[in-house]
Amino acid sequence: MDKKCLSSYTLEQLAAQLKEMGQPAFRAKQIFHWLHQKHVTEFSAMTDQPKTLLAKLEEEFYIAAPTIQRRQQSKDGTVKYLLRLSDGNCIETVVMRYTYGNTVCVSTQVGCRMGCRFCASTQAGRVRNLEAGEIAAEIYAAQKDIGERISHIVLMGIGEPLDNFDNVMDFLTIISCADGVNIGMRNISLSTCGVVPQIDRLAEKKLQLTLSISLHAPNNKMRSQMMPVNDAYPVETLIAACRRYQKITGRRISFEYSMVRGVNDSPATAKELANLIKGMGAHVNLIPINPVDGSPYSATDAENVKRFQKMLMDLGVNATVRRRLGSDISAACGQLRREEAAKEEHL
Ligand code: SF4
């Protein structure tokens with residue numbers, strides 16, 4: 001029998017599971033504390049639990065406990081990890097240091113099937129979804145390594161979070177739980193390439209997190225070239241979903257816009273972008289891209305990024321240029337994992 005991941009259970013699910021096993025209700029909170037406050041990785045470390053229960057849990061469950069396979073640290077304090085999961089697969093996690101606190105960027109899938117042309121994470125497709133507990137364990141591993149609290153989370157690493165919807169929802173419940181690390185929803189940002197039906201599903205949850213849309217282009221011709229997901233959910237369908245999302249949740253949307261030289265960085269494109277999202281009170285994050293091997297794209301120069309930002313602002317759209325953290329450790333999202341896979345192929 002395949003073991004199930006015990007750290008993927010929300011407190012409520014854990015209580016139901018333990019009840020089924022004939023255990024008293026208070027055990028759920030105790031075990032949840034061990035997993036999500038003390039971050040134990042062995043059942044034997046839960047010293048206040050009966051040995052018979054621990055033996056039973058060990059028989060049926062495992063605790064997500066990835067190991068650090070590689071670690072790169074930038075001069076600006078950014079740390080990038082290649083984490084190895086219990087089945088041997090690797091994912092990436094990044095810690096960024098901001099004045100408001102430490103932010104961790106987590107992966108939600110092993111690989112990705114969305115096929116964005118500027119992205120290294122998708123080049124070998126999707127291998128599997130991450131369990132809720134595996135996503136939480138990325139945070140615990142990073143927190144333990146830097147010896148400081150993580151206060152903010154962005155779901156922007158390897159994978160499309162809304163393509164792993166149920167596990168990501170459980171992860172959000174676990175990580176924001178007062179009996180766990182208790183990271184508030186307002187400190188969490190979820191990024192999607194635009195899977196419209198799942199944006200509608202997320203809206204119904206009415207979470208206080210920030211939804212961030214990887215837009216990257218204001219029209220279908222341009223966006224479909226960069227992101228195949230646009231063929232299924234074209235720009236106008238996506239923006240309509242964003243407007244519905246804002247109406248239902250009362251939360252502002254943030255748009256990610258990677259600046260690619262000669263593709264989406266002209267003044268005419270800035271105007272088109274402003275027209276598309278005007279009146280939404282949305283925020284645009286302009287991102288100078290990290291070059292990826294095997295991708296035809298190169299980064300817009302800094303001056304042009306500034307000009308593009310100014311045009312948006314003049315047209316009434318709030319826009320900022322994302323600070324490029326960790327540029328001396330270079331690796332764009334997904335590159336460490338690809339390098340590791342290439343190394344293993346040659347062993
Ligand atoms: S950018 Fe995100 S959604 Fe697109 S392929 Fe990469 S990981 Fe997947």
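## A walk through the fold

Let's start with how the chain folds back on itself: if you take the contacts in the protein between residues at least 6 apart in sequence, 68% of them join residues at least 24 apart. Keep in mind as you look around that this is a predicted model.

Zooming out, the secondary structure adds up to 12 helices and 14 strands. The radius of gyration comes out at 21 Å, close to the 20 Å that the globule rule gives for 347 residues, so the protein is as compact as a globular protein of that length. Along the principal axes, the C-alpha atoms fill a box of roughly 70 × 50 × 35 Å. As for the inside, 41% of the 347 residues count as buried.

Now head for the ligand. Which residues are around it? Coming along the sequence, you meet Cys112, Met114, Gly115, Cys116, Cys119, Ser121 and Thr122, then Ile158, Gly159 and Glu160, and finally Cys193. Sorted by class, this shell has six nonpolar residues, four polar ones and one charged one.

Next, a helix pair. Two packed helices are described by the angle between their axes and the distance between the axes. Here the pair is α10, residues 267-277, and α11, residues 302-314; they pack at an angle of about 35 degrees, and their axes are 9 Å apart. The crossing of α10 past α11 is right-handed. If you want to see who touches whom, look on the α10 side for Pro267, Ala270, Lys271, Leu273 and Ala274, which meet Phe308, Met311 and Leu312 of α11. By class, that contact has seven nonpolar residues, no polar ones and one charged one.

Finally, a couple of backbone oddities in the loops. Asn182 isn't a glycine, yet its phi is positive, near 55 degrees. You'll find Asn182 in the loop that runs between α5 (165-175) and β10 (188-192). His216 does something similar: a positive phi of about 65 degrees, again in a residue that is not a glycine. The loop that holds His216 sits between β11 (210-214) and α7 (220-226).

So are these two loop residues buried or exposed? Asn182 has 11 C-beta neighbours inside 10 Å, and 12 or fewer means exposed, so Asn182 counts as exposed. His216 has 26 such neighbours inside 10 Å, and the bar for buried is 20 or more, so His216 counts as buried.

Conventions. Residues are numbered from 1 along each chain as its sequence is written. This is a predicted model: local features need pLDDT of at least 70, side-chain atom pairs count only at pLDDT 80 or more; totals for chains, interfaces and linings use all residues. A residue is near a molecule or strand if its C-beta atom, placed from the backbone, lies within 6 Å of it. Ala, Val, Leu, Ile, Met, Phe, Trp, Tyr, Cys and Pro count as nonpolar, Asp, Glu, Lys and Arg as charged, and the others, Gly among them, as polar. Axes are lines fitted to C-alpha atoms, for helices over the stretch in contact, and angles run from 0 to 180 degrees between N-to-C directions. Helices (H or I, at least four residues) and strands (E, at least two) are DSSP runs, numbered from the N terminus. A crossing is left-handed if the near helix is turned anticlockwise from the far one by less than a right angle, and right-handed if clockwise. Two residues are in contact if their C-beta atoms, placed from the backbone, lie within 7 Å. The radius of gyration is taken over C-alpha atoms; the globule rule is 2.2 Å times the number of residues to the power 0.38.
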